[in-house]
Amino acid sequence: MHASLADDLPLLVKDYGLGQVSDARYLAEGLMNRNWRVSTARGEFALKQIVDVTLPLARRNLAVVAALAAAGVPTAVAAPSTTGDLVVEVGDRGYALFPWVPGEHIAGPDLTGEQADALGAVLGRIHQELNKVGQSLLPEKPGSLRASVAGADKARTEAERFMGLAAADDSDFGRQVIGSLEQRRVLLDKYAGQRPTSEVPLGPFGWRHGDFQHLNVKWHDGQIRAVLDWDRIRVGSFAEEVARSATLIFGREQGDLDLAGVTEFVRGYRSVAALSDEELKDAVLRLWWKRMCDYWHLEFHYDRGDHSCDHLFLSASLFLDWWTSRFDEVQAAFLA
């Protein structure tokens, strides 16, 4: 049990009226928040320590999730405390409690075509319903959307900075980073001319889930039981979330993409919400270029001293190389 939970659990049990606790097991999956499966006299629950967003924002998002569930979106609704609060504060820490959702997280390549289609359709429903309930629970979305496009020169400069940091740490990870960044410089030099030229994404935009990927979806008996982790509800391009989600869900550890699964996923989305071929092409291009210029894993490692995402940098680098060499093939999968 995490030290903070050991101290906080008696107060949480009281505030939620949970009764006797027989077990509190830490869940290792997930990167940003801390989660436990808690067995109590009232039943099984998922307890989440909120560390990725402010507590007022967490309260707002949890109220939105309750409205989505009422509209038929599969999700888990936070249990209120004995005073009706969706977030319980203990000192400077905040917690949310959810009924335990049975099931498993299934990676995209392990889904059937029908399941991939259903998953895309759920994302389409989320975009629709989130922007309906958001009319009363979320701020009004802006009249237009802009998305900054990184310049190749800035990306090269960041690559040089991280190469210097990697060279100084004399570790296996550092040596792997240097090799990956040398290849990144080659790609930037070769493909800088394909950088998106406009900061205005094509297509509809609005409130989105923000992190729709397989670790945030629970399946049970072949059906989607719940979409989880709504911390990142923000305004953005719908097509970009479709593209990002597809690459996260259907990416394989060896650095390639299950293209057949991507096609079914996008087909499912478009059966619910309209996206044109040009809007999808624009989103795929923007996401590819963003990955080309993004070093967030290295920012975690070298700037924050957080090594929890090291493995993701190396797999992301492999995937970028694979994607770049098959750009037209990947784009065709999104448009099929």
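## A tour from Arg184 outwards

Start by selecting Arg184: its side chain reaches the backbone oxygen of Met292 at 3.0 Å, a polar contact, meaning N or O atoms within 3.5 Å, where within protein one must be able to donate a hydrogen and the other to accept it, and residues adjacent in sequence count only if both atoms are side-chain atoms. You are looking at a predicted model, in which local features need pLDDT of at least 70, side-chain atom pairs count only at pLDDT 80 or more, and totals for chains, interfaces and linings use all residues. Residues are numbered from 1 along each chain as its sequence is written, and side-chain values use heavy atoms, with hydrogens and water left out.

**Around Arg184**

Arg184 sits in helix 5; helices here are DSSP runs of H or I with at least four residues, numbered from the N terminus. Show its surroundings next: leaving aside residues up to four places away in sequence, Arg184 touches Arg291, Met292, Cys293, Asp294, Tyr295, Phe313, Ser317 and Leu320, where contact means heavy atoms within 4.5 Å.

Which side chain of opposite charge is nearest to buried Arg184? That is Asp321, 6.2 Å away, and Arg184 has no salt bridge. The terms need their cut-offs: a salt bridge puts a side-chain nitrogen of Lys or Arg within 4 Å of a carboxyl oxygen of Asp or Glu; Lys and Arg count as positive and Asp and Glu as negative, with His and the chain ends not counted; buried means under 20% relative accessible area, exposed over 50%, and partly exposed in between (1.4 Å probe, protein chains only).

Now select Asp321, in helix 10 (residues 310-325). At 29% relative accessibility, Asp321 is partly exposed. Beyond residues up to four places away in sequence, Asp321 touches Gln183 and Leu187.

**On to the rings**

The whole structure holds 12 aromatic pairs. Rings of Phe, Tyr and Trp (its six-membered ring) pair if their centres lie within 6.5 Å; planes under 30 degrees apart are stacked, over 60 edge-to-face, and the rest tilted. Select Tyr191 and Trp288: the ring centres are 6.0 Å apart and the planes at 85°, so this pair is edge-to-face. Tyr191 belongs to helix 5 (residues 172-191) and Trp288 to helix 8 (residues 277-293), so the pair ties together parts 97 residues apart in sequence. Both Tyr191 and Trp288 are buried.

Keep Trp288 and add Phe327, which forms another edge-to-face pair with it, at 5.2 Å centre to centre and 65° between the planes. Phe327 is in helix 11 (residues 327-335), 39 residues from Trp288. Phe327 is buried, at 13% relative accessibility.

Next, select Phe162, Phe173, Tyr295 and Tyr302, which form one aromatic cluster. Add Arg161, which lies over the face of Phe162 at 4.3 Å from the ring centre; a charge sits over a ring if NZ of Lys or CZ of Arg is within 6 Å of the ring centre and within 35 degrees of the ring normal. Then find Lys218 over the face of Trp100, 4.4 Å from the ring centre.

**Last stop: salt bridges**

The search finds 26 salt bridges in the structure. Pick Arg156 and Asp153, whose side chains meet at 2.7 Å, N to O. Both lie in helix 4 (residues 152-169), three residues apart, about one turn of the helix. Arg156 is partly exposed at 23%, while Asp153 is exposed at 56%. Finish with Asp8, Asp92 and Arg93, joined into one network by salt bridges that share partners.

Conventions:
Helix = DSSP H or I, 4+ residues; strand = E, 2+ residues; numbered from the N terminus.
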